[in-house]
Amino acid sequence: MSSPFDGVPSLPFDTANGAAPPRRPMTDDEFDAELAKLDPPRKYYRNYQRTPGANDDMLHAPQGLHAFFRAYYHYKSADWPGNKPHPLKARTAKEMAQVPTYYVMEKDKGMAATVAPFMPTAEQIANNKWLTEAEVDVYATEYARTQFTGALQGYRVRRGTDPKSIAEMHTFSGRTIDVPSMFIAGASDWGMYQTPGAIERMQGTSCTNLVGVHRIEGAGHWVQQEQPEKVSELLLAFLRDHGARKT
């Protein structure tokens with residue numbers, strides 16, 4: 001859901017016979033340096049999530065944890081009318097500048113300040129059926145108790161363009177996902193396109209038995225929360241039609 005499988009990097013081929021080695025992908029640090037040249041300067045959220053200060057920035061959000069979560073979820077959902085995702089041509093600063101600031105952040109802001117202007121109104125909160133105030137309280141209470149560090153570790157170890165990560169992934173070069181698979185995302189989710197070309201590669205090469213790609217209307221990044229009935233319907237149909245059968 002939400003993040004398409006980009007496949008694994010290919011091993012350089014025939015370089016001993018003079019073939020040019022493949023172009024090295026831009027690292028996240030190099031990407032951030034390019035984003036910093038924009039007006040206003042920007043940065044990539046994954047790099048922000050890896051910084052030592054990310055935990056404290058969100059944990060001690062000036063607006064309070066409850067308001068932080070409410071604004072964060074609203075900003076990345078279909079409820080925020082500015083979420084109108086579309087394919088990007090390449091992973092360049094100019095192209096990525098089209099992505100909202102929850103992914104391509106303003107350089108001088110943390111996530112708490114980034115989402116604060118997008119706090120929904122009292123009426124919007126009252127009309128929200130997929131994330132009640134009681135449910136937001138659970139997030140705020142539990143993260144106040146456990147902090148964000150455990151979740152942030154995933155960003156610290158998942159560096160898809162890092163040379164060491166690519167070297168490890170070369171173990172799987174040439175491999176594909178061959179079991180039946182399906183992709184689900186919210187139609188208002190920029191997650192489908194924040195890695196340009198990933199959704200196309202998933203459909204074309206990385207998954208050889210992709211039986212469905214579904215973009216659900218009325219959902220952003222939180223598709224399983226915003227449209228739980230539709231997601232459940234798709235999952236049940238997938239299991240029914242493609243689940244393991246006894247012989």
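Which residues in helix 11 (residues 198-206) are buried? The legends below take up that question and then tour other parts of this predicted model.

**View 1. Helix 11 has a buried side and an exposed side.** Within helix 11, which spans residues 198-206, the buried residues are A198, I199, M202 and S206. These residues lie on the same side of helix 11 because they cover an arc of only 110 degrees around the axis. Look to the other side of helix 11 and you will find G204 and T205, both exposed. As for partners, the buried residues of helix 11 pack against strand 3 (181-186) and strand 4 (210-216).

**View 2. Strands 3 and 4 run parallel, joined by 6 bridges.** In this pair, S181 stands opposite L210 of strand 4. Strand 3 is mostly covered, with 5 of its 6 residues buried. Following the chain, we leave strand 3, pass through helix 11 and arrive at strand 4, a β-α-β crossover that is right-handed.

**View 3. Helix 13 (residues 228-242) has a span close to the expected one.** Its 15 residues reach 21 Å from the first C-alpha to the last, close to the 21 Å expected at 1.5 Å a residue. V231, L234 and F238 are buried in this helix. Their arc around the axis is only 65 degrees, so they sit on the same side of helix 13. E229, L236, L239 and R240, on the other side of helix 13, are exposed. The cover over the buried residues of helix 13 includes strand 3, strand 4 and helix 12 (223-226).

**View 4. The largest nonpolar core holds 44 residues.** Among its members, F68, F69, M96, M111 and F148 touch the most others. Helix 4 (residues 65-75) supplies the largest share of this core, 7 residues. Apart from this core lies another one, of 6 residues, among them I216, A219, V223 and V231. A general remark fits here: in soluble globular proteins, nonpolar side chains tend to be buried together.

**View 5. A closer look at F69 and its contacts.** Leaving out residues up to four places away in sequence, F69 touches V136, Y139, A140, Y143 and F148. F148 also appears with F69 among the core residues that touch the most other members.

**View 6. A cis peptide bond links D39 to P40.** The omega angle of this bond is near 0 degrees. To find the spot, go to the loop between helix 1 (28-35) and strand 1 (42-44), where P40 is located.

**View 7. S2 and Q147 have positive phi values.** S2 is not a glycine, yet its phi is about 75 degrees. This serine belongs to the segment before helix 1 and is buried, with a relative accessible area of 7%. Q147, also a residue other than glycine, has a phi near 70 degrees. Its place is the loop between helix 8 (133-146) and helix 9 (149-157). Is Q147 buried, partly exposed or exposed? Q147 counts as partly exposed, because its relative accessibility is 36%.

**View 8. K164 is an exposed residue of helix 10.** Helix 10 covers residues 163-169 and contains K164. The relative accessible area of K164 is 67%, so this lysine counts as exposed. If you would like a distance to check, the C-alpha atoms of K164 and K107 are separated by 26 Å. Along the chain, these two residues are 57 residues apart.

Notes:
Residues numbered from 1 in each chain as written. Predicted model: local features only at pLDDT ≥ 70, side-chain atom pairs only at ≥ 80, totals over all residues. Heavy atoms only, no water. Core = buried A, V, L, I, M, F, W, Y, C linked by side-chain atoms within 4.5 Å. Buried < 20%, exposed > 50% of the residue type's maximum accessible area, 1.4 Å probe, protein only. Helix = DSSP H or I, 4+ residues; strand = E, 2+ residues; numbered from the N terminus. Contact = heavy atoms within 4.5 Å. Arc of directions from axis to C-beta. Pairing = 2+ DSSP bridges. Right-handed = clockwise from strand over helix to strand, strands pointing away. Expected span 1.5 Å × (residues − 1).
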